[in-house]
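The exercises below are meant to be worked with the sequence and the 3D structure open side by side. Try each task before reading the solution that follows.

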Amino acid sequence: DVEFRPRFATMLRDIEKGKITAVFTLYQDRIERNQKVWQLFSSIIIKNKCEYYPQGVKTDLSDPMAKFAADVMSASNALYSSLTAARVRDSIHERALEGKYRGLTAYGYEHGEDGVLAIVPHEAEVVKRIFSLSMDGNGVYHISNILNKENIPTRFNQFEGDTKRKDPFTKVETLHPKKSVRWRGNVIHDMIRNKIYKGEKWIKEIKYESPIIIEPEEWNRVNDNLEQNKKKVGKKTFYKYLLNDLIICGSC
């Protein structure tokens, strides 16, 4: 849990280095997400004699009674978190059994009446064409070039706002309008591999039903043939030069 909270991990290291001498928090559950994290945090607080102020009240964790009360609170927080997670899982399961799914849908689908997953006809035709082109021996990058040349809109083209991209070399983040997002080979690859198109919607290793766009037999044939299509991927050569992404073409 600490690994996925880098700022929290930095705080713990700074406490050990003596850079931080007091920690303030609105509520204890903002510090810990489970009892293991709490025990780690409290032991570092005590060992380094760092002051602790939950809700602005100084609490001496080296005092056995104060530590016991905080441990009980941690156990209570963990129980509440577990119960909430279980209720959310049950809710997601019940909705999925009814064909209702949260979040952004896969290309070719939309949230129809009452939130039930429904097929978008014009997008479904693009999905079918992608599978057909792949079966004909076209690589995923070649397919993306075909769709881009024909100005077939992507899912993002219908949305307002920008997408954020981080350059792998300079680490600079830039904004790109969603309406300008183009088809890419990795997107085509993920679509072909997505089992939702053959009627399987997987959530936490549980399979639910979804409207079929590609018949299961065809889906299996295309995916079995997918590796054979790498011979026709188009221009993909990449070299890592020192000036990659530092010198930019003024025309592009």
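**Exercise 1. Strand E1 and its partner**

Task: Work out which side chains of strand E1 (residues 22-25) are buried, and which strand pairs with E1 in this predicted model.

Solution: Begin with the alternation of side chains along E1, where Val23 and Thr25 point to one face and are buried, while Ala22 and Phe24 point to the other face and are not buried. Next, look for the neighbouring strand, which is E2 (residues 51-54); E1 and E2 pair in the parallel sense over four bridges. To fix the register, take Phe24, whose bridge partner in E2 is Tyr53.

**Exercise 2. The two sides of helix H2**

Task: Check the length of helix H2 (residues 35-47) against the expected span, and then decide how its buried residues are arranged around the axis.

Solution: Start with the length. The expected span is 1.5 Å times one less than the number of residues, so the 13 residues of H2 should span 18 Å, and the end C-alpha atoms are indeed 18 Å apart, which agrees.

Then list the buried residues of H2, which are Val37, Trp38, Phe41, Ser42, Ile44 and Ile45. These residues cover an arc of only 160° around the axis, which puts them on the same side of H2. The spacing in sequence fits a general rule: an α-helix has 3.6 residues a turn, so residues three or four places apart point the same way. On the other side of H2, Lys36 and Lys47 are exposed.

Finally, inspect the two ends. At the start of H2, a side-chain oxygen of Asn34 reaches to within 3.1 Å of the backbone nitrogen of Lys36, and after the helix comes Lys49, whose phi is positive, near 55°.

**Exercise 3. What lies beside Asp1**

Task: Find out where Asp1 lies, whether Asp1 is buried or exposed, and which residues beyond its sequence neighbours Asp1 touches.

Solution: Asp1 belongs to the segment before helix H1 (6-17). The relative accessible area of Asp1 is 54%, and because the cut-off for an exposed residue is over 50%, Asp1 is exposed. Leaving out residues up to four places away in sequence, Asp1 touches Asn34 and Val37. The C-alpha atoms of Asp1 and Val37 are separated by 7.4 Å, although these residues are 36 residues apart along the chain. Both contacts can be tied back to the previous exercise, where the side chain of Asn34 reached towards Lys36 at the start of H2 and Val37 was listed among the buried residues of that helix.

**Exercise 4. Thr105 and its surroundings**

Task: Describe the environment of Thr105, taking its place, its burial, its polar contact and its other contacts in turn.

Solution: Thr105 sits in the loop between helix H3 (64-97) and strand E3 (109-111). With a relative accessible area of 15%, which is under the 20% cut-off, Thr105 is buried. A polar atom of the Thr105 side chain lies 2.8 Å from the backbone oxygen of Tyr109. If neighbours within four places in sequence are set aside, Thr105 is in contact with Glu110, His111, Leu117 and Arg155; the last of these leads on to the next exercise.

**Exercise 5. Comparing salt bridges**

Task: The structure holds seven salt bridges; for the pairs Glu123 with Arg155 and Glu51 with Lys58, state whether each partner is buried, partly exposed or exposed.

Solution: Take first the side chains of Glu123 and Arg155, which meet in a salt bridge at 2.8 Å, N to O. This pair links distant parts of the chain, 32 residues apart, with Glu123 in helix H4 (residues 121-135) and Arg155 in the loop between helix H5 (140-149) and strand E5 (162-166). Glu123 is buried at 6% relative accessibility, and Arg155 is buried as well, at 11%.

Now turn to Lys58 and Glu51, whose closest N and O atoms are 3.3 Å apart in their salt bridge. Here Lys58 counts as exposed at 52% relative accessibility, whereas Glu51 is partly exposed at 32%.

**Exercise 6. A hairpin**

Task: Determine how strands E7 (residues 200-203) and E8 (residues 206-209) are paired, and what joins them.

Solution: E7 and E8 pair in the antiparallel sense over four bridges, and Lys201 has Tyr208 in E8 as its bridge partner. The two strands form a hairpin with two residues between them, and Lys204 in the turn has a positive phi of about 50°.

Definitions and conventions: Residues numbered from 1 in each chain as written. Predicted model: local features only at pLDDT ≥ 70, side-chain atom pairs only at ≥ 80, totals over all residues. Heavy atoms only, no water. Buried < 20%, exposed > 50% of the residue type's maximum accessible area, 1.4 Å probe, protein only. Arc of directions from axis to C-beta. Polar contact = N/O pair within 3.5 Å; in protein donor to acceptor, adjacent residues only side chain to side chain. Pairing = 2+ DSSP bridges. Contact = heavy atoms within 4.5 Å. Salt bridge = Lys/Arg side-chain N within 4 Å of Asp/Glu carboxyl O.
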